Amino acid sequence: MRIVIAEDSAVMRAGLAEILADSDHQVVAAVGNADDLLAAVEEHHPDAAVVDVRMPPGYTDEGLRAAIAIRRDHPATGVLVFSQYIETRYTADLLGAASGNGAAGVGYLLKDRVADVEEFVEALSRVAAGGTALDPEVVTQLFGASRHTDGLGALTARERDVLALMAEGRSNGAIAATLVISERSVEKHVANIFSRLGLAPSDADHRRVLAVLRYLAS
Amino acid sequence: MRVLDGYVPPQRSVLERILIRSWEYRRLPVWAGGRIGVGIVLVGLGVVTLSLGGNDWATYGWTMAFLAAGAANLAFGYWFIAIAYRPLPQRVRELERSRAHLVDDSAARLRRIERDLHDGAQAQMVAVTMKLGLAIKKLAGMTGETGQTDLERVLELVVAAHGGAKEAITELRDLARGIHPHVLDQGLGTALATLAARSNPPVDLVVDLAERPSAAIETIAYFCAAELLTNVTKHSGARHATLEVVRVAGLLQVRVRDDGCGGARVEARGGLAGLAERIRTVDGKLQVTSPPGGPSVVTVELPSRA
């Protein structure tokens with residue numbers, strides 16, 4: 001993959017570049033603020049951009065706004081936003097920007113997740129391929145804030161686990177590996193979840209994630 | 001929440017400011033009592049002179065002098081009382097203003113601490129975990145065949161992570177010290193001695209405090225001294241500096257002199273402006289004398305209680 005990194009901390013920027021280079025990806029640009037990020041995406045048309053939410057000059061949500069702009073103007077570039085905290089509002093903004101297109105191509109992770117190198121790189125690949133990667137923390141918040149307590153209550157504990165992983169954007173194969181069950185039983189759980197929540201089943205991973213997220217957020 | 005930039009300090013007349021600088025505000029009633037006492041005695045003396053003296057110019061002269069001096073003293077006494085016991089609504093307005101400023105000041109401090117944590121220790125720790133994550137990946141990949149180059153790479157990563165963790169510890173320690181300097185519990189003198197000893201260029205320390213100021217004042221005095229010495233190190237190019245902390249006329253005076261290049265100014269959003277804001281919360285004062293070419297003298301005056 002060809003990747004652009006936008007992160008104001010030099011330590012983090014170097015670390016990210018190292019991880020991605022080690023996983024045989026190409027970091028085409030590493031910048032420290034949102035304006036440079038937009039310019040770099042314009043110039044390189046990367047497969048994915050890794051974007052810190054808080055960047056100069058205001059240190060508020062410059063990165064997030066740039067991420068939304070990239071999703072709007074460069075649908076081929078996936079955007080993985082990461083930050084030190086998870087803010088519910090940012091999730092809504094990002095998913096709002098994502099659902100406008102057929103493909104999602106967005107991710108929102110806590111910075112800590114980069115410690116698990118392979119999972120992080122996998123999440124980035126998913127986003128670059130038009131999928132979704134949401135932090136477990138985001139999913140927990142969505143579950144907590146969801147008004148569909150009846151629907152969620154009707155699920156078994158295992159089905160809730162599967163739903164949470166699905167909301168993070170993982171494929172059936174990844175869910176099966178995480179829960180140490182067969183892919184076949186994941187498929188069965190997914191079918192059950194969709195029928196109990198009254199959602200139309202969908203084959204494409206990102207479409208079903210969006211359906212689940214819309215359900216949780218509505 | 002009000003923003004710091006919009007803060008308007010309480011309006012005080014020049015005379016009042018001189019008064020507050022000269023004496024501690026809370027001693028005003030005592031001073032007023034003294035002035036009124038002296039005033040009554042002088043007016044009494046005027047009356048006595050008039051009744052005992054003859055019908056001549058000397059008697060009238062003394063009488064007039066006593067009465068005028070007495071009236072002046074009474075007027076001053078009345079003025080002190082008027083300031084000390086000024087109408088409640090006005091005092092409440094002033095207190096509201098200074099409280100709002102205090103709240104803003106502590107909010108700004110918290111914001112700064114959060115920012116420091118976010119940019120410093122947190123980022124550092126994430127970088128450490130990234131390096132360790134990579135090392136784990138390498139080690140896991142090595143379980144099959146052992147490659148010498150990969151071992152060297154793993155060593156490199158672990159060494160870098162080790163260094164990063166140590167830096168994070170240093171940053172956390174500095175940050176904790178920035179929130180509350182532990183050494184301050186042992187008194188301002190001890191804390192300043194530690195501060196001066198850590199300083200580069202060398203600092204001569206003069207501390208003369210008969211009694212301990214209140215904790216809030218000690219903290220502000222300490223941070224002023226720390227900030228001013230940091231400025232000396234960073235900007236002045238001085239070879240020598242002096243830090244004086246003494247009591248002058250009931251005020252705590254913190255003064256830093258250096259033989260550096262001068263040119264220090266209070267600029268919006270600069271370090272000195274931040275210092276001035278903090279000092280103002282306790283009715284203190286910051287004075288900067290720093291001509292181009294030096295030497296610089298920065299004086300902070302604080303009440304000894306707040």
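This passage walks through a predicted model, taking chain B, its interface with chain A and a few details of chain A in turn.

Chain B is a good place to start. Its secondary structure adds up to 8 helices and 5 strands. Going along the sequence, these elements run α-α-α-α-α-α-β-α-β-β-α-β-β. Of the 306 residues in chain B, 38% are buried. Among contacts in chain B with a separation of 6 or more, 69% link residues 24 or more positions apart. Helix α8 of chain B, residues 271–280, is mostly covered, with 7 of its 10 residues buried. The buried set in α8(B) consists of L272(B), A273(B), L275(B), A276(B), E277(B), R278(B) and I279(B). Charged side chains are therefore part of that set, as E277(B) and R278(B) fall under the 20% relative accessible area that counts as buried.

Now to where the two chains meet. Contact between them involves 17 residues of chain B and 18 residues of chain A. Together the chains bury about 1700 Å², with 56% of that area on carbon and sulfur atoms. On the chain B side, H118(B), M130(B) and K137(B) lose the most area to chain A, and between them they account for 34% of what that side buries. As for polar links, the interface of chain B and chain A holds 4 residue pairs in polar contact. Two helices of chain B, α4 (88–142) and α5 (148–179), each bring at least two residues to the side that touches chain A. The largest share, 15 residues, comes from α4(B). By character, the residues on this side of chain B split into 6 nonpolar, 5 polar and 6 charged.

Salt bridges also cross the interface of chain B and chain A, 3 of them by the rule used here; over all chains the count is 16. One that crosses is the pair R153(B) and E18(A), whose side chains come to 2.6 Å, N to O. This pair connects helix α5 of chain B, which holds R153(B), with helix α1 of chain A (residues 10–22), which holds E18(A). Neither partner counts as buried, because that label needs under 20% relative accessible area: R153(B) is partly exposed at 22%, and E18(A) is partly exposed at 23%.

Chain A has salt bridges of its own. D61(A) pairs with R65(A), the closest N and O atoms lying 2.9 Å apart, and D61(A) is buried, with 13% relative accessible area. The side chains of R170(A) and E168(A) also meet in a salt bridge, again with an N to O distance of 2.9 Å. Here both partners are buried: R170(A) has a relative accessible area of 15%, and E168(A) has 7%. Elsewhere in chain A, salt bridges link E7(A), D52(A) and K111(A) in a network.

Last comes helix α5 of chain A. The 12 residues of this helix, 117–128, should span 16 Å at 1.5 Å a residue, and the end C-alpha atoms are 16 Å apart, so the two values agree. Buried positions in α5(A) are V117(A), F120(A), V121(A), A123(A), L124(A), R126(A) and V127(A). An α-helix has 3.6 residues a turn, so residues three or four places apart point the same way. Just after α5(A), G130(A) adopts a positive phi of about 90 degrees.

Technical notes. Residues numbered from 1 in each chain as written. Chains lettered and ligands numbered in written order. Predicted model: local features only at pLDDT ≥ 70, side-chain atom pairs only at ≥ 80, totals over all residues. Heavy atoms only, no water. Contact = heavy atoms within 4.5 Å. Buried area = accessible area lost by both parts, 1.4 Å probe. Salt bridge = Lys/Arg side-chain N within 4 Å of Asp/Glu carboxyl O. Polar contact = N/O pair within 3.5 Å; in protein donor to acceptor, adjacent residues only side chain to side chain. Helix = DSSP H or I, 4+ residues; strand = E, 2+ residues; numbered from the N terminus. Nonpolar A, V, L, I, M, F, W, Y, C, P; charged D, E, K, R; others polar. Expected span 1.5 Å × (residues − 1). Buried < 20%, exposed > 50% of the residue type's maximum accessible area, 1.4 Å probe, protein only.
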